[in-house]
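Colleague: I'm new to this one. Could you walk me through it, question by question?

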Amino acid sequence: MTALSLPPWAVVSEERKAHIERVADLLRRWADALGVDNGEKDRWLKAAYLHDALRDADPELLEELAPEAWGVPALRHGPAAAVMAERDGEDDRSVLDAVRYHSVGYTGWDRVGRMLYLADYLDPGRPFAKEERRALAERVPQDPDGVLEEVVKERLVWTIQAGRPLIKETVELWNALVEGRSRRS
Ligand SMILES: [Fe+2]
Ligand SMILES: [Fe+2]
């Protein structure tokens with residue numbers, strides 16, 4: 001069980017805290033628009049409060065908790081927060097996977113992971129492409145799969161343009177979304 005607020009072990013700046021609150025607000029809005037029950041909504045919010053709880057933690061702690069993390073230190077905070085949450089008694093696999101993979105994507109996600117991934121990217125406080133991302137956030141309740149595909153695509157393009165390596169889980173998610181769309185059409 002995790003409370004619907006930052007866990008006691010969180011290490012976050014004020015700015016980060018504000019991001020986490022905006023992510024939680026988006027998830028509340030989408031949950032209400034979709035009419036999901038309170039139990040499901042609470043799982044989305046738990047994932048929101050956990051996902052960046054160690055974003056500003058000491059690099060040594062992050063390395064200790066998540067030594068692998070795709071070989072990229074900046075990606076350690078998700079897996080590390082999942083480890084801490086599990087130690088803290090969180091046993092909801094979907095919440096833990098949402099937190100663990102929130103920076104990279106994961107085909108094994110159910111709605112918790114997908115919604116968190118969308119809210120994290122579509123946070124209105126991020127400085128880039130504000131209008132485009134606001135429009136995508138509006139569209140989520142009607143077309144979550146379509147928006148997810150857009151967001152994964154934008155993040156893949158960004159990664160390639162930055163000359164960074166693609167993470168296997170991201171490529172697998174992209175391929176699964178494309179396959180799902182061609183099966184539907
Ligand atoms: Fe993050
Ligand atoms: Fe985040």
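**Helix H8 and the iron site**

Modeller: Let's start with H8, whose buried residues (under 20% relative accessible area, 1.4 Å probe, protein chains only) are Gly146, Val147, Leu148, Glu149, Val151, Val152, Leu156 and Thr159. Mind that this is a predicted model, where local features need pLDDT of at least 70, side-chain atom pairs count only at 80 or more, and totals for chains, interfaces and linings use all residues. Residues are numbered from 1 along each chain as written, chains are lettered from A and ligands numbered from 1 in written order, and side-chain values use heavy atoms, without hydrogens and water.

Colleague: What do the buried residues of H8 pack against?

Modeller: Helices here are DSSP runs of H or I, at least four residues, numbered from the N terminus. Contact means heavy atoms within 4.5 Å. By that count, the buried residues of H8 pack against H6, helix H7 (130-139) and helix H9 (168-184).

Colleague: Which residues are the protein donors of the iron ion (ligand 2)?

Modeller: Donors are N, O and S atoms within 2.8 Å of the metal (3.2 Å for Na, K and Ca); water is not among the atoms, so sites may look incomplete. Here they lie 2.1 to 2.2 Å from the ion. They are His19 (NE2), His51 (NE2), Asp52 (OD) and Asp120 (OD).

Colleague: How far apart are the iron ion (ligand 2) and the iron ion (ligand 1)?

Modeller: Look at aspartate 52, which bridges the two ions. The distance between them is 3.7 Å.

Colleague: How many residues apart in sequence are the parts that histidine 51 and aspartate 120 tie together?

Modeller: Both residues are buried. Histidine 51 lies in helix H2 (residues 38-51) and aspartate 120 in helix H6 (residues 111-122), so the pair ties together parts separated in sequence by 69 residues.

Key:
Helices (H or I, at least four residues) and strands (E, at least two) are DSSP runs, numbered from the N terminus. Buried means under 20% relative accessible area, exposed over 50%, partly exposed in between (1.4 Å probe, protein chains only).
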